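Thank you all for coming; I would like to walk you through one structure this morning. Please take a moment to look over the sequence and the model before I begin.

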Amino acid sequence: MSTAPPEMGTHLTLDLWHPECWAIQATEELPGGVLAHAIYDTIGGGSAKTSGIFTAYGESESEVTDLLAHIESSSLTGELREVETRFDTQRVASGTVSYEFFLEYDPNDMICPQLLEHGFVHNAPGRIEDGRESWHVCYAGERSEITSELDSIRERTEAEIDIARISSGGQEDRRSQLLNTLTPKQRNAFKLAQERGYYEWPREVSTRELADEFGVAKTTFLGHLRRAESVLLDF
């Protein structure tokens, strides 16, 4: 049996805002969210461009369609190309509907290159909701250097950066990362179930009681809870 190597470095969850970001602007104005996956450079039109793979997600098809229309019409973005649309997806980062797409944009408009340049390597997709970005990153340098490196990013980009969580890594940090990939309703439904003893034996609360407290129909609550479980309980 092989043993996984221990996780090294300092793990952080960064909550941030920065100007001139198409994803922040879109989610400030509309519901739903965006996940940032792989990012790579392309050359076109005589100048360097950056392309990325993203997922737009929401609770309905119209919600996601409106979000994509806002992104595509932004003066900060280039060509948007569809990868795949999913309904009732079980993937990390899903809402009820998710849409994967390629997008061209100016790399100076995104925070990820700055994080990488200063030693913060993302180890999960970046999540953008409600006009804020959340990044799970690992910093391999000395923990005492983190503040000065973040200050350098703030000065260069005019970003607002808060450390939402910091740890030396491990299982609990990974669980926090997975929680952060859920939609707010999925996270809140799962946390409510935990707090009220739904996973105790015997159960201390019924799904109907949880749904009433959550303020939704039982079937709606179960939908949020089951999607959260599909991500978290296999961990």
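Let me begin with a term: a residue is called buried when its relative accessible area is under 20%, exposed when it is over 50%, and partly exposed in between. Please also keep in mind that what you see is a predicted model.

With that in hand, consider E20, which sits in the loop between strand 1 (10–17) and helix 1 (22–29). Its relative accessible area is 45%, so E20 counts as partly exposed. Most residues other than glycine have a negative phi. E20, which is not a glycine, nevertheless has a positive phi of about 55°. A second such case is E158, with a phi near 60°, and this residue is found in the loop between helix 4 (146–157) and strand 9 (160–167). E158, at 60% relative accessibility, counts as exposed.

Turning to the interior, the largest nonpolar core has 37 residues, of which W22, F54, I71, F101 and F120 touch the most other members. Strand 5 (residues 97–105) supplies the largest share of this core, with five residues. If we leave aside neighbours within four places in sequence, I71 is in contact with W22, A26, V34, T77, L80, F101 and L103. Apart from this core lies another, of 16 residues, including F190 and F221.

Finally, how do helix 6 (residues 184–195) and helix 8 (residues 218–232) cross? Their axes come within 8 Å and cross at roughly 90°, which means that helix 6 is roughly perpendicular to helix 8. Among the residues making this contact are F190 and A193 of helix 6 and F221 and L225 of helix 8, and the contact residues divide into eight nonpolar, two polar and three charged.

How values were computed. Residues numbered from 1 in each chain as written. Predicted model: local features only at pLDDT ≥ 70, side-chain atom pairs only at ≥ 80, totals over all residues. Heavy atoms only, no water. Core = buried A, V, L, I, M, F, W, Y, C linked by side-chain atoms within 4.5 Å. Buried < 20%, exposed > 50% of the residue type's maximum accessible area, 1.4 Å probe, protein only. Helix = DSSP H or I, 4+ residues; strand = E, 2+ residues; numbered from the N terminus. Contact = heavy atoms within 4.5 Å. Axes fitted to C-alpha atoms, helices over the stretch in contact; angles between N-to-C directions. Parallel < 35°, antiparallel > 145°, perpendicular 65-115°, else oblique. Nonpolar A, V, L, I, M, F, W, Y, C, P; charged D, E, K, R; others polar.
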